[in-house]
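User: I'd love to go through this one piece by piece, with the reasoning spelled out. Could you show me the sequence and the structure to start?

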Amino acid sequence: MIKGYTTKVLQSYEQTREREQKAFAERKKEINAVIPRISIIDQQITKLFIELSMSALKQIDNREQYIANLKERITDQRVEKSELLVSKGYPLDYLEQHYVCPICKDTGYIGIKKCDCFNQKLAKLYYANSDLK
C-alpha cells in the first residue's frame, strides 16, 4: 500500500519538474525576444567555460594569469547579463531553474535519503486517503 503512495509522490515530483522546465523554457524564450543580447552573452560564457576547461590540456605560459583572465571575463559577462535583466525590470534569478524544494531540487531525495518534503507529501497523501478524515 505504501509503495503505491510512494509512486504517486514520485509522479508528483516528475510533474513539478516538467512544469518548471516548461516555465523555464518560456522565460528564456521571452528574454531572448525582449533582450536578444542575453543570448549572445550566454554563448560567450559557454565559449569561455570551454576555453577554461581546455586550458587544463594545453601547454600555457603563465597558466594562473591565463585562468584568472578567463574567470574575470566570465564574471564580466555575468554582470552584464544581470544588469540587462534588472534594467528591464526582471529579477536576477529570472533565468534560473526554480524549485518548490530547493533542498532536493524537486527530486524527493538528497543522495539516497528521502527529503523532508518527500515524507511530508507521503504523509499528506496517506492521510488524505485514510478513513480518519
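User: Which element gives the largest share of the lining of the largest pocket?

Analyst: Happy to help: this is a predicted model, with residues numbered from 1 along each chain as its sequence is written, and side-chain values use heavy atoms, leaving out hydrogens and water. Local features need pLDDT of at least 70, side-chain atom pairs count only at pLDDT 80 or more, and totals for chains, interfaces and linings use all residues. With helices taken as DSSP runs of H or I of at least four residues and strands as E runs of at least two, numbered from the N terminus, the elements giving two or more residues to this lining are α1, α2 (37-54) and α3 (63-87). The largest share is four residues, and the element behind it is α1.

User: What is the volume of the largest pocket?

Analyst: On a 1 Å grid over the protein atoms alone, a cavity is a set of points where a 1.4 Å probe fits but cannot get out, while a pocket is an open set with protein on both sides within 12 Å along at least five of seven lines. Lining residues have an atom within 4 Å of a point; they include Phe 24, Lys 28, Ile 45, Arg 78 and Leu 95. Grid points are joined across faces, edges and corners, and the volume is the space filled by probe spheres set on them. For the largest pocket that comes to about 200 Å³.

User: How many charged residues are in that lining?

Analyst: The classes put Ala, Val, Leu, Ile, Met, Phe, Trp, Tyr, Cys and Pro as nonpolar, Asp, Glu, Lys and Arg as charged, and the others, Gly among them, as polar. The lining has five nonpolar and two polar residues, and its charged residues number four.

User: Which elements each supply at least two residues of the largest nonpolar core?

Analyst: A nonpolar core joins buried Ala, Val, Leu, Ile, Met, Phe, Trp, Tyr and Cys residues through side-chain atoms within 4.5 Å. The largest one has nine residues, among them Tyr 5, Val 9, Cys 101, Phe 118 and Leu 122. The elements that each supply at least two of its residues are α1 (2-34) and α4 (116-128).

User: How many residues does the second, separate core have?

Analyst: Ile 35 and Leu 85 belong to this one, as do Tyr 90 and Leu 95. Its full count is seven.

User: Is Cys 104 buried or exposed?

Analyst: Buried means under 20% relative accessible area, exposed over 50%, and partly exposed in between (1.4 Å probe, protein chains only). Counting heavy atoms within 4.5 Å as contact, and leaving out residues up to four places away in sequence, Cys 104 touches Tyr 13, Tyr 109, Ile 110, Cys 115 and Cys 117. Its relative accessible area is 5%, so Cys 104 is buried.

User: How many disulfides does the structure hold?

Analyst: A disulfide needs a pair of cysteine sulfur atoms within 2.5 Å. The sulfur of Cys 104 has its closest cysteine sulfur in Cys 117, 3.6 Å away and therefore too far for a bond. Cys 115 also has its closest cysteine sulfur in Cys 117 at 3.6 Å, again too far. The number of disulfides is zero.

User: Which residues does Gln 77 touch, beyond four places in sequence?

Analyst: Gln 77 sits in helix α3 and is buried at 15% relative accessibility. Its C-alpha is 6.6 Å from that of Ile 45, although the two are 32 residues apart in sequence. The contacts are Ile 41, Gln 44, Ile 45 and Leu 48.

User: What is the phi of Asp 106?

Analyst: Most residues other than glycine have a negative phi. Lys 105 departs from that with a phi near 55°, and it is partly exposed at 44% relative accessibility. Asp 106 is in the loop between α3 and β1 and is buried at 2%. Its phi is positive too, at about 60°.

User: How far apart are the C-alpha atoms of Tyr 99 and Glu 20?

Analyst: Tyr 99 is in the loop between α3 and β1 (109-110), where it is partly exposed at 33% relative accessibility. Not counting residues up to four places away, Tyr 99 touches Lys 105 and Asp 106. Tyr 99 and Glu 20 are 79 residues apart in sequence, yet their C-alpha separation is 7.5 Å.
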